[in-house]
Amino acid sequence: MASVPSKNIWMRRQQCPCGDWKCLITYGEEGEDTEIPSAAIKDDSGLSGAMVSPYVGMVFKSDEYAFEYYANFARKNGFSIRKERSRLSPQLGVYKRDFVCYRAGFSPPRKKQTGEHQRDRKSVRCGCDAKMYLSKEMVDGVLQWFVVQFSNVHNHELLEDDQVRLLPAYRKIHETDQERILLLSKAGFSIHRIVKVLELEKGQLPFLERDVRNFVQNRKKFIQENDALLNEKRENDLMDLLDACRISKETDAYFVYDITADENDKVENIAWSYGESIHAYNTFGDVVYFDTTYRSMTYGMLFGAWLGISNHGKVTCFGCALLQDETPHTFSWALQAFMRFMKGRYPQTIVTDIDLGLRDAIISELPSTKHVIPVWNILPKASSWFSAVLGSRYSEFKSEFEAVYNIENAEEFEYQWSQLISRYELLSDNHLALLFSLRSCWAVCYTRGCFLAQVASISYFKSVDAFVKGVLNARICLRSFLEQVKISSNCKAQAYEGLQFAHIRTCSPMEEQARKVLTPFAFNLLQCELILAMQYAATEMANSSYIVRHFDKMEGEHLVIWISEDEQIHCSCKEFESSGILCRHALRVLLVKNYFQLPDKYYLSRWRQESSFVCHGDQSNQTGNDEWFQEYNFLTTNLFSEASLTIERSDYMRNELKKELTRLINDVKGMPT
């Protein structure tokens with residue numbers, strides 16, 4: 001009976017060139033790379049070597065590395081190798097290894113049974129003498145393998161690269177390809193179609209169609225047995241997860257969850273949120289990123305996470321879901337459940353990957369919410385979509401595509417889009433048709449001014465990827481998964497991480513005010529804009545409007561409108577509407593108007609210090625933070641200033657500071673948490 005793997009492998013969902021969704025295994029157990037590392041060798045100089053011909057005296061740290069190196073050398077030179085003999089000793093174990101050309105030796109004649117009909121297959125072996133013999137020796141207490149004999153003289157023709165790849169030794173179906181083949185086979189794809197899909201995705205394959213057929217046939221029985229066990233495991237684990245939700249409800253009165261079940265009362269979909277997550281949503285729920293990147297290999301379920309960004313720029317989790325499929329109906333249920341958890345408070349903006357089913361569900365369930373697909377979810381797909389079609393023209397196409405993406409006028413965007421697809425003869429391309437149908441979600445002219453609060457930035461994307469990978473630990477079961485998500489999305493811990501000292505750089509009263517009001521993350525954003533504002537000139541026009549230009553750049557002027565009655569300021573770049581942080585152009589005009597403090601309305605509550613979760617029960621500690629940081633900053637500045645006067649002072653400071661900091665760390669670690 002086949003056994004079910006104990007670990008749960010999560011696969012990253014991507015869209016393949018044929019338009020279907022595919023899943024790629026991105027990491028296995030604990031995120032380890034499943035690729036075989038290249039051989040780490042060293043020659044007698046002790047330096048890592050490139051691919052050179054083996055020679056007598058070459059050193060390898062193991063016989064496995066030696067075999068891999070020789071195999072790579074053989075492939076580059078048009079042949080393959082095999083292991084022939086090994087010798088053992090009580091002291092060293094295996095101490096001799098013989099690797100030879102695949103055509104070495106001669107096949108013994110096969111005896112035929114009386115009346116038996118056999119095909120008379122000609123052997124490929126022809127007595128080739130190409131070989132590499134190794135010996136293991138102890139050198140300075142370290143076991144090493146040395147090449148003691150090497151010959152690269154062949155008595156047969158060596159193969160070209162397009163032929164050598166077809167030798168049995170190189171026709172390997174790697175683990176990621178095996179999983180892909182099994183998924184396509186389960187979906188009903190024929191062997192021939194599976195091979196065509198793989199060729200479309202990967203180009204030239206290192207195996208043949210018959211290798212795929214043999215692999216699928218050999219695994220068929222295993223798959224049938226494994227599927228039954230996996231279904232049983234999935235049902236048991238989902239019931240455990242459901243029990244964990246009930247227990248969480250008892251310990252956290254604000255914990256919420258919802259499920260759907262099939263006609264046999266088996267759990268299909270489940271969604272949940274924690275009391276702290278709901279509290280975080282009340283403050284930071286203006287923009288939500290719904291991540292549906294990963295699917296579980298073990299359970300066959302899609303993991304969805306509703307994420308946001310805190311006032312410290314950290315990823316915060318509002319809720320999670322495990323979904324049976326990716327249909328609009330399932331996504332609609334998930335969004336409905338999320339809105340129930342959040343008491344019907346809709347986000348201003350929801351950010352997602354490209355998914356038509358999800359897009360339809362958002363239109364249906366969140367009609368007043370702006371749907372945005374960030375460009376960093378589009379550009380990585382462009383390579384797989386268009387590089388094979390366009391070949392050498394792809395780089396030029398990518399540059400023009402990015403230029404069209406940044407066009408700020410809708411009419412101009414649509415005109416340049418039609419010119420782009422016409423110029424590259426992509427009028428019938430399905431991916432461009434898909435992107436155009438979704439243009440209101442990603443093109444700058446349609447999304448400019450939508451509130452995103454830094455969620456569309458590359459740094460946030462990397463933080464989300466790290467967060468999701470941290471949650472999807474390959475070892476954990478679904479029951480532990482519930483607790484793992486809660487730990488990873490601890491908002492209070494994030495607030496403590498955000499308590500850092502913010503340095504003044506311009507000495508302006510406006511900057512001093514911002515440091516007292518904003519978190520260090522938000523203050524840093526405003527501070528950068530304030531510094532850059534010094535590089536702009538503001539020219540007053542009629543009706544209290546200003547044209548703001550960079551001092552040495554002719555293009556890129558911005559219109560800033562100032563309404564003095566209620567202290568309103570609007571810039572054509574719409575940075576404040578997008579991030580909640582005033583732009584350099586607006587700040588330049590305020591400086592011209594002799595403003596030393598920003599109007600209170602331009603400090604959004606979501607970026608203020610008082611929005612931090614550290615405030616719950618820690619208010620007295622927070623009020624003294626600014627004074628403490630200033631005192632600490634003064635002492636350290638004075639210390640380094642005095643120590644820098646002589647080398648003796650500097651060396652003394654380093655030694656003593658290290659001792660004192662080590663002592664303080666040990667003292668603090670010994671205190672109760």
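Visitor: Is Glu567 buried, partly exposed or exposed, and where in the chain is Glu567 found?

Guide: Glu567 counts as partly exposed, because its relative accessibility is 33% and the class between buried and exposed runs from 20% to 50%. In this predicted model, Glu567 is found in the loop between β18 (558-563) and β19 (568-571).

Visitor: What is the value of phi near which Glu567 lies, and how should I read its sign?

Guide: Most residues other than glycine have a negative phi. Phi of Glu567 is near 50°, which is a positive value in a residue other than glycine. Asp265 offers a second case, with phi near 60°, again positive and again in a residue other than glycine. Asp265 is found in the loop between β9 (256-261) and β10 (267-273), and with a relative accessible area of 66% Asp265 is exposed.

Visitor: Before we go on to pairs of residues, how many helices and strands does the protein chain have, and what percentage of its residues is buried?

Guide: The protein chain has 24 helices and 19 strands, and buried residues make up 44% of its 673 residues. The chain exposes about 36,100 Å², of which carbon and sulfur atoms supply 51%. As for how the chain is connected, one may take the contacts between residues at least 6 apart in sequence and ask which of them join residues at least 24 apart; the share is 60%.

Visitor: Which residues does Ala71 contact, once its neighbours within four places in sequence are left aside?

Guide: With those neighbours set aside, Ala71 is in contact with Ile81 and Tyr170. Ala71 lies in helix α1 (residues 63-76), and it counts as buried because its relative accessibility is 15%, the limit for that class being under 20%. A separation between C-alpha atoms is another quantity to read: those of Ala71 and Phe99, which stand 28 residues apart along the chain, are separated by 9.4 Å.

Visitor: How should I read a salt bridge, and how many salt bridges does the structure hold?

Guide: Side chains of opposite charge can pair when their charged atoms come close. The structure holds 27 salt bridges. In one of them, Arg606 pairs with Asp286, and the closest N and O atoms are 2.9 Å apart. This pair links distant parts of the chain, 320 residues apart, since Arg606 sits in the loop between α21 (584-592) and α22 (619-623), while Asp286 sits in the loop between α6 (275-284) and β11 (287-296). Arg606 is buried, with a relative accessible area of 2%, and Asp286 likewise counts as buried, at 10% relative accessibility.

Visitor: What separates Lys659 and Glu656 along helix α24, and how does their salt bridge read?

Guide: Because Lys659 and Glu656 are 3 residues apart in helix α24, about one helical turn separates them, and their side chains meet in a salt bridge at 3.6 Å, N to O. Lys659 counts as exposed at 52% relative accessibility, whereas Glu656, at 27%, counts as partly exposed. Another case within a helix is the salt bridge of Lys469 with Asp465, whose closest N and O atoms are 3.6 Å apart; both residues lie in helix α15 (residues 458-471), 4 residues apart, or about one turn of the helix. Lys469 is partly exposed, with a relative accessible area of 36%.

Visitor: Which residues are linked in a network of salt bridges?

Guide: Arg85, Arg87 and Asp98 are linked in such a network.

Visitor: Turning to the surface, which residues make the nonpolar patch, and which gather in the patch of negative charge?

Guide: Leu661, Leu664 and Ile665 make a nonpolar surface patch of about 260 Å². Leu664 lies in helix α24 (residues 647-669), and at 43% relative accessibility Leu664 counts as partly exposed. The patch of negative charge on the surface gathers Glu157, Glu160, Asp161 and Asp162. Asp162 lies in helix α2 (residues 161-164), and its relative accessibility of 48% means that Asp162 counts as partly exposed, since exposed requires over 50%.

Key. Residues numbered from 1 in each chain as written. Predicted model: local features only at pLDDT ≥ 70, side-chain atom pairs only at ≥ 80, totals over all residues. Heavy atoms only, no water. Patch = residues over 30% accessible without salt bridge, like charges linked within 9 Å, V, L, I, M, F, W, Y side chains within 5 Å. Areas by Shrake-Rupley, 256 points an atom, 1.4 Å probe, with all protein chains shown as cover. Salt bridge = Lys/Arg side-chain N within 4 Å of Asp/Glu carboxyl O. Lys, Arg positive; Asp, Glu negative; His and termini not counted. Charge placed at Lys NZ, Arg CZ, Asp CG, Glu CD. Helix = DSSP H or I, 4+ residues; strand = E, 2+ residues; numbered from the N terminus. Buried < 20%, exposed > 50% of the residue type's maximum accessible area, 1.4 Å probe, protein only. Contact = heavy atoms within 4.5 Å.
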